[in-house]
Amino acid sequence: MINGLRNRLADSFSASELSALLALEGKEKEQLFEYAAEIKKREIGNKVYFRGLLEYANACSKDCYYCGIRKSNTGIQRYQMEKEEVLKAAQYAYENDFASLVIQSGERSDSRFVDQIEELLKDLKKIGNGTLGITLSCGEQTKETYQRWYAAGAHRYLLRIEASNEKLYHRIHPQNDKHNFNKRIQSIYHLKEVGFQTGTGVMIGLPFQTLDDLANDLLFFKAMDIDMVGMGPYIEHQETPLYQYSSQILPLKDRLDLSLKMVALLRIIMPKINIAATTAMQTIDPQGREKAIAIGANVIMPNLTPLKYRDDYLLYNNKIGLDETFETQKKDLEANIQRIDHSIGYGEWGDSKHYKEKKRN
Ligand code: SAH
Ligand code: SF4
């Protein structure tokens with residue numbers, strides 16, 4: 001099966017083939033990983049880009065069944081970072097040559113929040129004469145809001161589809177207009193129309209999810225001609241409705257393994273996009289992110305959120321890094337990346353090559 005891969009065009013994979021590839025184990029799985037690593041080196045080079053992650057605020061108007069900061073979880077304190085704290089972290093990112101920041105938050109679409117993000121973006125753009133790249137991950141918004149945030153200086157946006165199978169999407173979200181599958185897809189189109197480098201992604205190992213679903217997720221990314229993907233293992237949170245299905249899902253290690261196969265296959269079918277090695281991977285295995293980099297991912301998002309807020313941004317159980325600043329992990333991370341024959345693109349935006357080439361055409 002693997003030998004046949006080498007002569008294949010990236011566009012030629014069917015869902016059933018991808019599904020079979022996701023089931024590979026042992027030697028064949030290792031060969032799949034090797035092939036994905038080879039493609040990455042050839043198409044975009046062995047470089048990793050750092051984006052400093054700020055978990056800006058945890059108030060959320062939604063109630064996704066899997067997420068620890070969902071509206072109905074009253075067991076956490078809701079916070080919003082002070083503007084000064086954001087600017088200080090951004091200055092730190094700039095001084096440490098990160099070149100890019102990711103601002104992530106729960107979903108709020110009230111005008112106060114929309115204005116605050118817009119103001120924040122304008123202030124962030126003053127740091128280093130506008131050289132800091134900014135990614136937003138603040139959920140579904142109107143096209144007009146996306147336009148305002150783009151005009152204020154953000155240039156990338158992450159909005160995971162979470163599950164591209166509509167039926168599965170509805171099983172992991174409440175049935176109401178706030179959690180509407182078509183609206184979420186429409187938002188991804190809006191982001192692209194506005195001009196954002198657009199990222200999406202899914203959770204891997206969800207209850208009710210099959211390998212065919214995951215294969216179709218890969219084809220969804222391709223059909224949407226997406227520029228970046230952030231996907232990672234689903235990890236349960238005990239204060240959420242999906243927790244009751246914990247006995248029906250794969251063990252954590254297998255969820256990580258499946259996530260790595262998803263990354264490798266995505267690199268093969270979309271060779272030039274940016275793919276993140278996510279925190280959920282690192283939560284399952286301290287070397288999870290490096291493993292993902294070695295077989296296809298090329299972006300890492302070290303957490304720059306002030307430590308005092310981290311206990312309240314627990315999307316899932318045992319989320320790592322609650323007492324870890326970038327300072328404490330920098331040396332290890334750099335050494336690990338070197339060990340897998342990669343360099344860090346310090347000071348570079350590291351835009352998706354896929355996006356850049358699309359713009360040129
Ligand atoms: N509110 C925004 C961004 C913050 S949530 C949004 O939903 O788009 C960021 C991501 O965290 C979500 O897209 C989801 O895929 C992930 N996430 C939430 N709960 C999770 C869990 N239990 N396990 C793994 N990932 C989770
Ligand atoms: Fe809110 Fe995002 Fe969590 Fe859903 S996944 S509850 S939108 S923070």
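A residue is taken as buried when its relative accessible area is under 20%, and in this predicted model N303, at 13% relative accessibility, therefore counts as buried. N303 lies in the loop that runs between strand 11 (299–300) and helix 13 (307–310). Within this part of the chain, the side chain of N303 is joined to the side chain of T305 by a polar contact of 2.6 Å. When neighbours within four places in sequence are left aside, the contacts of N303 are with L53, E55, R310, K319 and F326.

The strand that precedes this loop belongs to an open sheet of 10 strands, which pair in the parallel sense and follow the order 2-3-4-5-6-8-10-11-1-12. The edges of the sheet are formed by strand 2 (52–57) and strand 12 (343–344), each of which pairs on one side only. In the sheet order, strand 10 stands between strand 8 and strand 11. The pairing of strand 10 with strand 8 (residues 228–230) is parallel and extends over 3 bridges, with A276 of strand 10 as the bridge partner of G230. Towards strand 11, the pairing of strand 10 is likewise parallel and extends over 2 bridges, and here A277 has I300 of strand 11 as its bridge partner.

The side chains of a regular strand alternate between the two faces of the sheet. In strand 10 (residues 274–277), N274 and A276 point one way while I275 and A277 point the other way, and all of these residues are buried. Elsewhere in the sheet, strand 5 (residues 156–158) is paired with strand 6 (residues 197–200) in the parallel sense over 3 bridges, and R156 stands opposite Q197 of strand 6.

Two helix pairs were examined for their packing. The axes of helix 4 (residues 83–95) and helix 5 (residues 111–124) come within 11 Å and cross at roughly 35°, the crossing being right-handed. On the side of helix 4 the contact involves K83, V86, L87 and A90, which meet L120, D123 and L124 of helix 5. By residue class, this contact between helix 4 and helix 5 comprises 5 nonpolar and 2 charged residues, with no polar ones.

The second pair consists of helix 6 (residues 143–151) and helix 8 (residues 181–194), which pack at an angle of about 35° with their axes 10 Å apart; the crossing of helix 6 and helix 8 is also right-handed. Here K143, Y146, Q147 and Y150 of helix 6 meet S187, H190, L191, E193 and V194 of helix 8. The residues of the contact between helix 6 and helix 8 divide into 4 nonpolar, 3 polar and 2 charged.

A further buried position is found in helix 9 (residues 211–223), which contains D213. With a relative accessibility of 10%, D213 falls under the 20% limit and so counts as buried. Not counting residues up to four places away in sequence, D213 touches N165, L168 and F208. Of these contacts, the one with L168 links positions that are 45 residues apart in sequence, whereas the C-alpha atoms of D213 and L168 are 8.5 Å apart in space.

Conventions
Residues numbered from 1 in each chain as written. Chains lettered and ligands numbered in written order. Predicted model: local features only at pLDDT ≥ 70, side-chain atom pairs only at ≥ 80, totals over all residues. Heavy atoms only, no water. Helix = DSSP H or I, 4+ residues; strand = E, 2+ residues; numbered from the N terminus. Buried < 20%, exposed > 50% of the residue type's maximum accessible area, 1.4 Å probe, protein only. Polar contact = N/O pair within 3.5 Å; in protein donor to acceptor, adjacent residues only side chain to side chain. Contact = heavy atoms within 4.5 Å. Pairing = 2+ DSSP bridges. Axes fitted to C-alpha atoms, helices over the stretch in contact; angles between N-to-C directions. Left-handed = near helix turned anticlockwise from the far one by under 90°. Nonpolar A, V, L, I, M, F, W, Y, C, P; charged D, E, K, R; others polar.
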